[in-house]
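Student: I have a model open on my screen and I'd like to learn how to read its sheet and its helix packing. Can you walk me through it?

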Amino acid sequence: MSHTPIDQQRAWCALAEHAAGMGRRHLRDLFVEQPGRFETFSRSAAGLTLDLSKQRWTGQTLDLLLDLARDAGVPEAIRGLLAGERVNRSEDRPALHTALRLPADARLEVGGEDLVPSVHATLARMAEMVERFHAGQWRGATGKPIHDVVNLGVGGSDLGPLMVTHALADYRPEGIHRIDVHFASTMDGSQLADYLTRLNPETTLFVLSSKSFTTIDTLSNARTARDWLKSRLLGAAGEEGVDEALVMRQHFIGVSASPEKMAEWGIADDHQLEFWEWVGGRYSLWGAIGLPIALVVGMEHFRGLLAGAHAMDRHFSEAAPADNLPVLLALAGIWNVNFLDIRAHSILPYDGRLEYFAAYLEQLEMESNGKSVTHDGDQVGYSTCPVLWGQLGPNAQHAFYQLLHQGTQAVECDFIAPRVRYDDVPDPATRDHLMGQHRLTLANCFAQSRVLMLGDDAIEEDGPRPEYKHYRGNQPSSTLLLDRLTPETLGALIALYEHKVFVQATIWDINPFDQWGVELGKKIAGETQHTLEHRTGLEGMDDSTRGLIEAVWSAEAEHGR
Ligand code: F6P
């Protein structure tokens, strides 16, 4: 039986009324009226400080949003998520990414089984593999130590490891056999083709990362990689005893929730790392999908990443809603989307190491909450996930900030930066320069959020100005400061956003753990591919698609195919 939709409940109506009363009150006035906003609206946990004072809200707004969270059952939902309830209702399973970062001495019983031992058994298998690579003992078919590892995966089997390996590149352990990790995700083979021209097949291994092990993007890259290895290593190398089985064994690792499919594809049993259906693809970097991360930073730092995420999980579970970072970040988003009608959200890290963070969040947020049907199957009558995109802040300043400052779209921004960086650079002169560059970066970060907030009021009035030199301000933002960027704080940062997404989904009454929206495209792509290849079925197509396909065929005909 459907319950009363959230937008017809008391707390939502009170917020709508409050929003109407607030009108378009300018952030600059809120700062004048309420001294000490930073103190009032900032909270810290797990090495992160979240400043929400530049949100276009008051203490009363936040109280009403906390009422909304309570009425939507957020505290109970958090307990259910962490206890392993079947929160992914359309697929009837729990979403237990938090179990992947529980310490070894914890217990989490789900369906009568304690999950912690199997989680740690997988970590131990990863550790063994990583140790072999780092000792130079994982050898290719011709006996040379593997030096390059290419991760073949897409979506959650690519973006998390890609983002984290880039962010933590400074944490590479010293004194080990170095492994260079690369990522190829696109089905068009662009990235892979480049690696195949540069890498040595004798010292290259591929990790096939795919929860389902059915994703065509990954499998098509995998087939190309397999043929490349075979054509280079079998016979041609003139090596005695190098056969197909040896190539498959020494040059492929599989990571999936489907051991049967990995085996069918030819991955050796003991080179398979398995994970569980209860880990969503975009929530999976904490386990075996994180193998590329561990290959770069080592298991100790990988465990640091898990520990940081676990610290955020504990905070999420224990802190009161009014002090709970994920809850507060989620509520700021709800206020913007549902009550201030701000439907665009930009992620702006001021630290080059976080280059792929926005791309990672695009999947996490939009694949999780880009939904319009409630758990009960009703159409929602309110907005859900905003359009979210981003880029390194300093580069975005020279690209799309124009729109943030003077465009017609209202946009919420998240600014992210570490408080300190480069203080450990050994050479004093270089250290001074780089620390100065970091301060310059922070100055830009703080200046941008200030101008977005104040507009023209950020500068002294210096006489009349043409309209095109005016800044309206009043654009809300959140600022997240990491004490410094470490495996632990990065883990906490990612977990913060995972939980924020969950809280918003709870309020919107949608399932953040499925992704049915992407399935139809896959099916139609299969049919279209069949038509393209076999030249049948064109009659059933719409006029546009028919025209496009014919354009391809005529180009192929011109080139004699
Ligand atoms: O098509 C979307 C999706 O299923 C994502 O949810 C997932 O992260 C990605 O494809 C890759 O899936 P897999 O890990 O099963 O290859």
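**Reading a sheet and a helix pair**

Tutor: Sure. Keep in mind that this is a predicted model. Let's start with one strand pair: β8 (residues 252–256) and β9 run parallel and are joined by three bridges.

Student: Which residue in β9 is the bridge partner of Val255?

Tutor: Look for Leu273; that's the one bridged to Val255.

Student: What holds strands together in general, and in what order do the strands of this sheet come?

Tutor: Strands in a sheet pair through backbone hydrogen bonds, and they can do so parallel or antiparallel. Here you have an open sheet of five strands, with parallel pairing, and the order reads β6-β5-β7-β8-β9. At the edges sit β6 (180–184) and β9 (272–274), each with pairing on one side only. If you ignore direction, neighbouring strands are turned by 20° against each other on average.

Student: Which strands does helix α10 touch?

Tutor: Helix α10, residues 244–251, packs on the sheet and touches β7 (204–209) and β8. Its direction makes about 55° with that of β8.

Student: Now the helix pair. How do α5 and α12 cross?

Tutor: Take α5 (residues 74–83) and α12 (residues 291–318): their axes come within 9 Å and cross at roughly 140°. Roughly antiparallel would need an angle over 145 degrees, so α5 counts as oblique to α12.

Student: Which residues meet there?

Tutor: From α5, Ile78, Leu81 and Leu82; from α12, Asp313, Phe316 and Ser317. By type, this contact has four nonpolar residues, one polar and one charged.

Key
Residues are numbered from 1 along each chain as its sequence is written. This is a predicted model: local features need pLDDT of at least 70, side-chain atom pairs count only at pLDDT 80 or more; totals for chains, interfaces and linings use all residues. Side-chain values use heavy atoms; hydrogens and water are left out. Two strands pair if DSSP finds at least two bridges between them. Helices (H or I, at least four residues) and strands (E, at least two) are DSSP runs, numbered from the N terminus. Axes are lines fitted to C-alpha atoms, for helices over the stretch in contact, and angles run from 0 to 180 degrees between N-to-C directions. Contact means heavy atoms within 4.5 Å. Angles under 35 degrees count as roughly parallel, over 145 as roughly antiparallel, 65 to 115 as roughly perpendicular and the rest as oblique. Ala, Val, Leu, Ile, Met, Phe, Trp, Tyr, Cys and Pro count as nonpolar, Asp, Glu, Lys and Arg as charged, and the others, Gly among them, as polar.
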